[in-house]
Amino acid sequence: QVQLVESGGGLVQPGGSLRLSCAASESIFSSHSMGWYRQAPGEERELVAHITSGGSTNYADSVKGRFTISRDNAKNTLYLQMNSLKPEDTAIYYCNTRWIPYWKWGQGTQVTVSS
């Protein structure tokens, strides 16, 4: 099974930036559309950004213009650059394939935006 390890989260002030990374264990990553998801307490997990194997991207309206998803297939790694962070962005962030079935979810990385 593909293992996913998210990193890069932390505590940041509103308006700040973070860059999240997602390392996949297998090269099959390169042929999959991938997404960043987040889940806040009491909320459903939501897709925030999507990138195809060819590099096309889509974003949730809530993050459009602030977040940028990218990938480095040579490193089996997915990135999420988050700028102009808002308290509403506070959540645990996960990566996974956009194909069904999903791979096993990793532990996620906590992003907390607070002054």
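These are my notebook entries on a strand arrangement and a set of salt bridges in this structure.

**Entry 1: what I am looking at**

I am working with a predicted model. I kept that in mind for each entry below.

**Entry 2: the sheet**

I began with the strands. I found an open sheet of 4 strands, and reading across it gives the order β1-β3-β8-β7. The pairing in this sheet is antiparallel. Which strands sit at the edges? I noted β1, residues 4-7, and β7, residues 67-72, each of which pairs on one side only. I also looked up how the neighbours are oriented: on average, neighbouring strands of this sheet are turned by 15° against each other, with direction ignored.

**Entry 3: β3 against β8**

Next I picked one pair of strands to follow. How many bridges join β3 to β8? I have 6 written down, between residues 18-24 of β3 and residues 77-82 of β8, and the two strands run antiparallel. If you want a place to start in the viewer, try Leu18, which stands opposite Met82 in β8.

**Entry 4: salt bridges**

Then I turned to charged side chains. Side chains of opposite charge can pair when their charged atoms come close. In this model the count comes to 4 salt bridges, and I followed some of them one by one.

I started at Glu46, which forms a salt bridge with Arg38; their closest N and O atoms are 2.8 Å apart. Are these residues buried or exposed? Glu46 is partly exposed, at 32% relative accessible area. Arg38 has 6% relative accessibility, so it counts as buried, the limit being under 20%.

Arg38 led me on to Asp89: their side chains meet in a salt bridge at 2.9 Å, N to O. Where in the chain do these two lie? Arg38 belongs to strand β4 (residues 34-39), while Asp89 is in the loop between β8 and β9 (91-97). They are 51 residues apart, so I noted this as a link between distant parts of the chain. Asp89 counts as buried because its relative accessibility is 1%.

Asp89 also meets Arg66 in a salt bridge, at 2.7 Å from N to O. Arg66 comes from the loop between β6 (57-59) and β7, and Asp89 from the loop between β8 and β9. That pair is 23 residues apart and again links distant parts of the chain. Both Arg66 and Asp89 are buried.

**Entry 5: putting it together**

Which residues end up in one network? I wrote down Arg38, Glu46, Arg66 and Asp89, joined by salt bridges that share partners. Arg38 is shared by Glu46 and Asp89, and Asp89 also reaches Arg66.

Conventions: Residues are numbered from 1 along each chain as its sequence is written. This is a predicted model: local features need pLDDT of at least 70, side-chain atom pairs count only at pLDDT 80 or more; totals for chains, interfaces and linings use all residues. Side-chain values use heavy atoms; hydrogens and water are left out. Two strands pair if DSSP finds at least two bridges between them. Axes are lines fitted to C-alpha atoms, for helices over the stretch in contact, and angles run from 0 to 180 degrees between N-to-C directions. Buried means under 20% relative accessible area, exposed over 50%, partly exposed in between (1.4 Å probe, protein chains only).
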